Amino acid sequence: MPQFPEYDTLDATALAALIRRGEIDAAAVLDAALARIAERNPALNAVVHDMGEAAQAAVAGGLPDGPFTGIPFLVKDLYAFCAGAPCENGSRLYRGFVPQQDAEIVRRLRAAGVVIAGRTATSEFGLSVSTETVAFGITRNPWQRDHSAGGSSGGSAAAVAARMVPMAHASDGGGSIRIPAACCGLFGLKPTRARVPLGPGVAEAWAGLATQHAVTRSVRDSAALLDVVAGGMLGDPAIAPVPARPFGDEVGADPGRLRIGFSRRGPGGDAVADECAAAVDMAAALAVDFGHGVEEADPDIDLEEIKAMVIPVIAANMAHDLPSRHPMTGAVTTPEDVEPLTWAMAEHGRGISAVDYVAAVHGLHRIGRAFAVFFERYDVWLSPALASPPPRHGYFATDTTDIWNFSDRVLAFTPFTAIANISGQPAATIPLHWPDSGLPAGIQITARFGDEATLFALAAQYEAARPWQGRLPLG
């Protein structure tokens, strides 16, 4: 029996309150987390780097006084450096690479009192929406282990869903926070562009598509954590609008009567799985009960246009990010060092001209502006989180060099997520519907640029009406 049995039922905010009141100490909470990682991770493969000893040393040395003092935490193994711990980006190429500097988000997390106990699995360089790599193997969905946990933040989502930790770091360039959150039955918010810094090594990733935050069990944890990590760094090329008040204050606040446009079909009118459409129907009906104005409305989204603009940007960035020589040995990088999809993406990127890259970026800006027009009429766009339940492992196998066919598969599964990365708007997935299959079916809510406040307020209404925290994928 794991220590501290209440640990499985409490979110980070509740655990932090217990520690603050002296009802339990940080060492005991960390022991509970490490016991669960040791017990549950072998079946799920969510945590790929153990930082337990460093976590125990941090607690013994005294933690900063912050909103999450003593809360066990995990960091995604993709560029978010933790000084002295491996960062291998889901790739054999980076095996053994150990940075000596914290990323800014990690520095802010430590200052808030979190205790980093490990790093979580990611798809190689974050390129896939399922976390399955040659370097680390398959990360399994705690609800049904033969199905995907999503990606690229699949390790973080699986670990939080399995109650190893109450929340974990995640990043999102086309849905990589929201997709695994939806697959694993969690709350996952992608913040507004430039809300959370990517530095110090990078100021902007994937031409502004990528950002980072967390997957959490509760809405209030996500809001309070965003208060911790938000705010630009000196010299950043852009700064998100300053919120009117702390995001934590929006949870439980009255959002007023919102105008909500909902879609129960994919862009272009494509049907989605019945359970995904049912989740939207449930969410729309609840929104009416909350007093909001709700009507069916589909923004003009062209997935083929998105693919034509996004792939050149990602490929060019992959060509830049894939080192020509091995980071540790100095040997020339070869196709055998990475997965076929990664190599093919980088090769495609090397053939993209500067003119074509600029055209793609301008195209993304045009798409983003067109999507923003939808929000002149509506405060929130409500859609399925995904077009179908999480697939079985292997559906998104990266042993292919056909980047276009792979992208078609990704967009068919996740037609609703990438548009918010293109426009820079905040979006969140909510685990609202639990079909008989046992796999969660989430919804996505998207708001205007800079308006996370509305998302937190509305998400809290859904959480109160259809609470999900008591659902445990353990047995």
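Here are a few notes on one set of strands and on the cavities in this predicted model.

1. Start with strand β9, residues 259–262, which pairs in the parallel sense with β10, residues 293–296, over four bridges. If you want a spot to check by eye, Phe262 has Glu296 of β10 as its bridge partner.

2. The link between those two strands is worth a look as well. Helix α8 covers residues 274–290, and together with β9 and β10 it makes a right-handed β-α-β unit.

3. β9 has another parallel partner to look at: β11, residues 380–384, joined to β9 by three bridges. Here Gly261 finds its bridge partner in Trp381 of β11.

4. Now the empty space. The count comes to five cavities of 30 Å³ or more. The largest has a volume of about 390 Å³, and the second largest holds about 140 Å³.

5. Who lines the largest cavity? There are 26 residues, and those nearest the centre are Leu127, Gly174, Val310, Ile314 and Val410. Helices α9 (303–321), α12 (403–413) and α13 (418–423) each put at least two residues into this lining, with α9 giving the most, at five. By character, the lining splits into 15 nonpolar residues, 10 polar and one charged.

6. The second largest cavity has 14 lining residues, and Arg193, Ala194, Leu198, Ala203 and Glu204 sit nearest its centre. Its lining divides into nine nonpolar, two polar and three charged residues.

Definitions and conventions
Residues numbered from 1 in each chain as written. Predicted model: local features only at pLDDT ≥ 70, side-chain atom pairs only at ≥ 80, totals over all residues. Heavy atoms only, no water. Pairing = 2+ DSSP bridges. Right-handed = clockwise from strand over helix to strand, strands pointing away. 1 Å grid on protein atoms, 1.4 Å probe; cavity = no way out; pocket = protein on both sides within 12 Å on 5 of 7 lines; lining within 4 Å. Points joined across faces, edges and corners; volume = space filled by probe spheres on them. Nonpolar A, V, L, I, M, F, W, Y, C, P; charged D, E, K, R; others polar.
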